Amino acid sequence: MAIYANASNQVAALKELYTGDDYMKDLVYKKNPLLALMPKNESPSGFAGKYIPVPLIFGTPQGRSATFLNAQNNQTAPQLASFFVYRVSNYQLVTITNELLEATKDNAGAFIEESKLNMDTGFRNISNDLASDLFGAANGVRGQIASIASGVIILVDPNTVVQFEVGMSLESFSIAGNTYTSAGSVGYVIAVNRSLGTVTVSTSQGGAAATPAAWSASFPNLVVQGDVAYGAHAVQTSQLKVSGLQAWLPAVAPVSGDNFWGVDRSTDVTRLSGVRFDGSAETIEEALIDGSSLVAREGGQPDMCFVNFASYAALEKSLGSKVQYVDVKHEEADIAFAGIRIHSPYGPITVIPDRNCPAKTAFLLQMDCWKLRSLGKSPHILTYGLEGLEGLRIGNADALEIRIGYYGNLICNAPGWNCTILLSQ
């Protein structure tokens, strides 16, 4: 019995391009080193259950003394904590018109060729978002408004211009303690000047440049619409985005009343929320060495360091003829990243530039403490109960919708063996 090309088998043929590791190498990992090198559990049960408990011992039991009676009377239990980390979801939709299906119904190859651009860019968009979130504080902030006039936003950090794309639907909001307050209006990106570090928005999609109502430096945080829940965030489960490095290793030490995945980290701020080191008065090389010494004192053995490109260039220049280059290869995908090797008390550390890293910040990581856990690959084509890809008919359009996404989060089982370093440049 002959089987003719139709919506089902053509879309299924398209799916074959996005299985295995090749698409991850080309679309997801190529320019996102932290995302590529982060240890992962992407098995179908990689994030099974409602949440994942991340237990750790941050204090030894007391009950020791040279005097027996004192040892007996002063016994305490080991100091234990367990982060109960929930999954978050993220979605990227790709629409394929029925006209394209009709025009190529006798040639699945033509369909694949015409559709691949939409799928490739869809994968790239959601993977870039995940790569950004891995550095973030779980609040979805892509950049901050220093000033805005006639729709033109001057960013607090011009380097964050890499987080914006034409067509984005943005909201601006303020953060006061654990309360997030929206400016109440949406801005649509119509232009990005990557040389000047400015973003131009309109009050309508594709409209003329204009400042959305209430947008100002009083509501400085810019986020893609739908990436943040407004109101009081008493618990981490209110956050809609991945808890990245700035969430696990905050630049400001947590205070009493902190609630990070159910743990008040003020009990032992270093072991529960990482080491903080101000190296802004030193050269970058000195800051990294001193920061690694503090981590070594705590028992950590960092092996990777991530900085932005400006800090990486400054380090490279300061080292001069002493610079030592090294390639770091991904264990599964055929891809490598170039870095600079420096030496620390517990061995070499590879410094790698990542465009998503905040300015004047270094994250000194012991990589075996971390894991990106998800239900299947992050990202992958979502399916709904049937084997293979399903193209979903759109009720109000002559088209099929393909959904790309992931369900997961980042976990760390030893924050105190990692460090956030403030750099001079």
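This report describes the fold, cores, cysteines, one helix and several individual residues of a predicted protein model.

## Overall composition and confidence

The protein consists of 425 residues, of which 47% count as buried. Its secondary structure comprises ten helices and 22 strands. Among contacts with a sequence separation of 6 or more, 74% join residues that are 24 or more positions apart.

The mean pLDDT of this predicted model is 85, and 86% of the residues reach 70 or more. Residues 1-9, by contrast, have a pLDDT below 50. Beyond near neighbours in sequence, that stretch has six contacts in the model.

## The nonpolar cores

In soluble globular proteins, nonpolar side chains tend to be buried together. In this structure, the largest nonpolar core holds 52 residues. The members that touch the most other members are Phe83, Trp248, Phe306, Leu365, Trp370 and Leu410. Strand E21, which spans residues 399-412, gives the most to this core, contributing six residues. There is also a second, separate core of 22 residues, and Phe277, Ile284, Leu288 and Val323 are among its members.

Leu365 illustrates the surroundings of one member of the largest core. Residues up to four places away in sequence aside, Leu365 touches Leu34, Leu245, Leu249, Pro302, Asp303, Met304, Phe306, Trp370 and Asn418. Two of these partners, Phe306 and Trp370, are themselves named among the core members that touch the most others.

## Cysteines

A search of the whole structure finds zero disulfides. For Cys369, the nearest cysteine sulfur belongs to Cys412 and lies 5.3 Å away. A disulfide requires two cysteine sulfur atoms within 2.5 Å, so Cys369 is in no disulfide. Cys369 counts as buried, at 3% relative accessibility.

Cys419 is likewise in no disulfide, and its nearest cysteine sulfur, that of Cys305, is 8.9 Å away. Cys419 is buried as well, with a relative accessible area of 0%.

## Helix H10

Helix H10 covers residues 309-319, and its buried residues include Ser311, Tyr312, Ala314, Leu315 and Leu319. These residues lie on the same side of H10, because they cover an arc of only 160° around the axis. An α-helix has 3.6 residues a turn, so residues three or four places apart point the same way. The cover over the buried residues of H10 includes helix H9 (284-297) and four strands: E13 (304-307), E14 (325-329), E15 (336-344) and E16 (347-353).

At the N-terminal end of H10, Asn308 acts as a cap, with a side-chain oxygen 3.3 Å from the backbone nitrogen of Ala310. Just after the helix, Gly320 takes a positive phi of about 55°.

## Two contrasting positions: Asp129 and Val166

Asp129 is located in helix H6, which runs over residues 108-133. Its relative accessibility is 9%, so Asp129 counts as buried. Outside the residues up to four places away in sequence, Asp129 touches Asn90, Arg142, Asp227, Lys241 and Tyr406.

Val166 is found in the loop between strand E6 (152-155) and strand E7 (169-176). With a relative accessible area of 56%, Val166 is exposed. Setting aside neighbours within four places in sequence, Val166 is in contact with Val189, Ile190, Ala191 and Val192. Val166 and Val201 are 35 residues apart in sequence, while their C-alpha atoms are 9.0 Å apart in space.

## Backbone features in loops

Most residues other than glycine have a negative phi, and most peptide bonds are trans. Ala138 has a positive phi of about 75° although it is not a glycine. Ala138 lies in the loop between H6 and strand E5 (143-149), and at 2% relative accessibility it counts as buried. Ser150 also has a positive phi, near 55°. Ser150 is in the loop between E5 and E6, and at 57% relative accessibility it counts as exposed.

A cis peptide bond links Ser378 to Pro379, with omega near -5°. Pro379 belongs to the loop between strand E18 (370-374) and strand E19 (380-381).

Note on methods:
Residues numbered from 1 in each chain as written. Predicted model: local features only at pLDDT ≥ 70, side-chain atom pairs only at ≥ 80, totals over all residues. Heavy atoms only, no water. Core = buried A, V, L, I, M, F, W, Y, C linked by side-chain atoms within 4.5 Å. Buried < 20%, exposed > 50% of the residue type's maximum accessible area, 1.4 Å probe, protein only. Contact = heavy atoms within 4.5 Å. pLDDT = per-residue confidence, 0-100. Arc of directions from axis to C-beta. Polar contact = N/O pair within 3.5 Å; in protein donor to acceptor, adjacent residues only side chain to side chain.
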